[in-house]
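Student: Could you take a close look at one part of this model for me, the small sheet in the second chain, and then place it in its surroundings? I would like the cut-offs behind each term as you go.

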Amino acid sequence: MYVAVKGGERAIDNAHKLLASRRRGEPETPEIGLDQIGGQLKLAVDRVMAEGSLYDPELASLGIKQAWGDLVEAAFMLRAYRTTLPRLALSAPLDLDDMEVARRISAAFKDLPGGQILGPTFDYTHRLLDFSLVGVSPGIEPETSPPDPGHAEEGMPKVATLLERQGLMDREEPTGDNPEDLTRSPLRMPASRSARLQNLARADEGFLLAMGYSTQRGFGNAHPFAGEIRQGTVTVSIVPEELGFAVDIGDIEVTECEMITQFKGSKSDPPRFTRGYGLVFGLSERKAMSMALVDRALRARDLGEEVKAPAQDEEFVLYHSDNIEAMGFVQHLKLPHYVDFQSELAMIRAMRERLADDEEGV
Amino acid sequence: MNRDPQYNFAYLDEQTKRMIRRALLKAVAVPGYQVPFASREMPLPYGWGTGGIQVTASILTDQDTLKVIDQGSDDTTNAVSIRRFFQRTAGVEVTTATDKATVIQTRHRIPEHALAEGQVLVYQVPIPEPLRFMEPRETDTRTMHALEEYGVMHVKLYEDISLHGRIATSYNYPVLVNDRHVMSPSPIPRFDNPKMHMNPALQLFGAGREQRVYAVPPYTSVKSLDFEDHPFSIDTWDEPCALCGASDTYLDEIILDDGGARMFVCSDSDHCSRRQAMAAGMDSDHRAGSPAPAAGTEAA
C-alpha cells in the first residue's frame, strides 16, 4: 500500500551519520591528520586550492579529509567558505620575475639566462609502481648543489620578455583598470581577458586539459611552444590606501606557463609571436599548460582569427569550465522530478493513443 | 528555532542582499526580463536551488513565515534541506500551510491553494532562458529579447503541432509576460501556468548558476504561448486523487506493484492532507473505502 513519502528529515540525518562513519573508516586504523594530507598529498591540496579558488593549504586539507578524498567536493567546500569572507584589499600584481624559483624550464631555448632548473618533477620518471612504498619508507634527503656559476649572476628574466625586447612578441601592458572579479560580478559576454583568465584559473583541470588538447589536434589553430614554465614562491603585497606603499602580506606557491604561438599577421599586422598565459595556485603544471593553450585559443577573436573550434568559443569554454557549477547541475538530476516526469508520461501516452487511433482509422 | 549566531541573518551578508534586492527591483520594474546578478557560491550545490535560496535570503525578515516545497510537497528531501538551512541561518517561523506562509520557495510547482496579496512565491530556476534550446548563445538570445524577436519560439511550437498534432511541451511551457517578454516559468507543469496570470502574489525567480533573476509583479498578465487553432490546454486525469478525492489538482502517479497497478494522488501534499482532514471532520463516513485519512501525512 502506498505510504506518502515522509520522514525525509530523519533519512537525511541518518544518511549524514552513515557518511561520517564511512569517511572515518575502520576505527582501528589511525585517523589521517591534516598535516599528513598537506605534507604527503600536496598535489591534491594544490588542486583543491586552485579549483576552490582560495589559497589556504590547511583548509584545503580539511576539505579533502571531510570530502572523503573527493577533490571536487573539497573544492566546493572551499568555495562555499570563501564566499562569506570579506574582501579587504586588492593585491598588487604578482611579480613573477622575482619568483623564488623551484623549477624553471623552457622548451623554446636550449639555454637561457638563469638556466634550466628541473626541480621536483614526474617528467622522466618511469611510471613503475614502487613496491618499496607499500610499507613505511624512510625519509629521503634531496641532493643539493651550488647554483651553476655560469648562471648565478644573470637573474632569471622571462623568456617572453626576451622576445618582447626584440619586438617579436606582443608586449602585455597593464591596462590600469582593476581586474574583474567573477565572484562579485556576473560573467558577461564578450568577456574581458581578466575575466577569462580568472575563469580559467578556477576551472576544472580535466576540462582545461581536454580543451587544450583539442587545440593541438586541429580543433583550433595552435602550434604552441612551451616558452617557459616556472614554479616557485612569490610574494603577495597590498598597497593600503592610508599608507600609500606596498606591504607584503605573505608568500604563495604558483605555477606559471607562457605558451608561445606563431601569429601569421595580416596586411597591417606584421607576423609575430603571441602568448597564451596560465597561472595556477600551487604545483600544477598540467593545468597551467592547459590554461595557457586555452587562453591563446580564446584570443582568436581579439586577433581577428576565425572562431571555429570549441576551444576558441568563449561562451562554450567559459560557461562550462567551472566544475562546481557543472557538478551541481549534472547531479541535480538526482533530485525528484516526479511532477515533470508525470507530465511527460501523460503526454507520451496521449500521443501514442492518438497514433493508435490514427492507425485504426486507416 | 534559534538561529546559528555564527552566520549573518539568512546566511548572506547585507551587502550581497542589497545587491540582489536591487536586481529584484529592476526585475519587478521590467516583468519577465532576466536581470544578471552576481550570484554567490552557496553551501548547497548549483542546480539545487541556489538561485531561489539567494532570492529568499535577500527578502526574508525575522517576521516572515517560510514554506518550502519541492514537487509540490513540503517533505521531499531537498525541500527539507532548504527549510532547515533557513531555520538554522535565519531562525524564521516555518509552515507547511500555504495560506500561513508569507514567503514560499518552490521547485517545479505552484501551490493549489490560491495565493493572496502580500505573499511572495520564489521559484528555483535551472535554465532561465526560454530560447536557450533554440539558440545556445547568450549574446544572441539577449539580442532576440531586446528586439522582441520571438519567431523561433513560434516556429518550434508550430513544428510540434505539425509533427505530433499538438504542442509537445508538458512542463516549462513558455509564457509571454506583460505582453512583452517571453519567459520561462521554470519547470512547473503547464497545468500550473494559468495560476501565474494576474496572480495577487509577487512571483520572483532565481537562477543561481546562470546568475539571473526575474519577476512577475502582482496582477500581471501571463499568457501561455499558443495558436488560435491550437489553444493552450492543461493536463487532465481520468480519476480523482485517491486520497482526498480532488479532481481539480495536479496528480502524481504512484506505482503500486510490478503488475502495472498504480494510483493517482495530489502532488501538493499540504492541500491534500488538509482536504482529507476536513473531510474526516465533516463526515467520517463520507469517504468510506478510501485509505486511512492523512496516513503518514503530518508535517515532519
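**The E7-E6-E10 sheet and its surroundings**

Tutor: Chain B holds an open sheet of three strands, ordered E7-E6-E10, with antiparallel pairing. Strands here are DSSP runs of E with at least two residues, helices are runs of H or I with at least four, and both are numbered from the N terminus; two strands pair if DSSP finds at least two bridges between them. Before going further, note that this is a predicted model, in which local features need pLDDT of at least 70 and side-chain atom pairs count only at pLDDT 80 or more, while totals for chains, interfaces and linings use all residues. Residues are numbered from 1 along each chain as its sequence is written, and chains are lettered from A and ligands numbered from 1 in the order in which they are written.

At the edges of the sheet are strand E7 (181-183) and strand E10 (222-224) of chain B, each pairing on one side only. From one strand to the next the twist averages 30°, with axes being lines fitted to C-alpha atoms (for helices over the stretch in contact) and angles running from 0 to 180 degrees between N-to-C directions. Strand E6 (residues 175-177) of chain B is joined to E7(B) by three bridges in the antiparallel sense. Within that pairing, B:Leu176 stands opposite B:Val182 of E7(B).

Now for the chain around this sheet. Chain B has seven helices and 12 strands. Its C-alpha trace spans about 60 × 60 × 35 Å along the principal axes. The radius of gyration of chain B, taken over C-alpha atoms, is 20 Å; this agrees with a compact globule of 300 residues, because such a globule would have a value near 19 Å by the rule of 2.2 Å times the number of residues to the power 0.38. Of the 300 residues of chain B, 48% are buried, that is, with 20 or more other C-beta atoms within 10 Å of their own; 12 or fewer would make a residue exposed, anything in between partly exposed, and C-beta atoms are placed from the backbone. Contacts (C-beta atoms, placed from the backbone, within 7 Å) often link distant parts of the sequence: among those in chain B with a separation of 6 or more, 61% join residues 24 or more positions apart.

What about the nonpolar interior? A nonpolar core is a set of buried Ala, Val, Leu, Ile, Met, Phe, Trp, Tyr and Cys residues joined through C-beta atoms within 7 Å. The largest one has 55 residues, of which B:Leu24, B:Ala27, B:Leu204 and B:Val213 touch the most other members. H3(B) gives the most to this core, six residues. Leaving out residues up to four places away in sequence, B:Leu204 touches B:Leu24, B:Val55, B:Val120, B:Val122, B:Val213 and B:Ala215.

Finally, the partner chain: 49 residues of chain B are in contact with 39 residues of chain A. On the chain B side, helix H3 (77-90), helix H4 (138-146) and strand E11 (251-255) each give two or more residues, and H3(B) has the largest share, four residues. That side comprises 19 nonpolar, 18 polar and 12 charged residues, where Ala, Val, Leu, Ile, Met, Phe, Trp, Tyr, Cys and Pro count as nonpolar, Asp, Glu, Lys and Arg as charged, and the others, Gly among them, as polar. So H3(B) appears twice in this picture, giving six residues to the core and four to the side that touches chain A.

Note on methods. Two residues are in contact if their C-beta atoms, placed from the backbone, lie within 7 Å.
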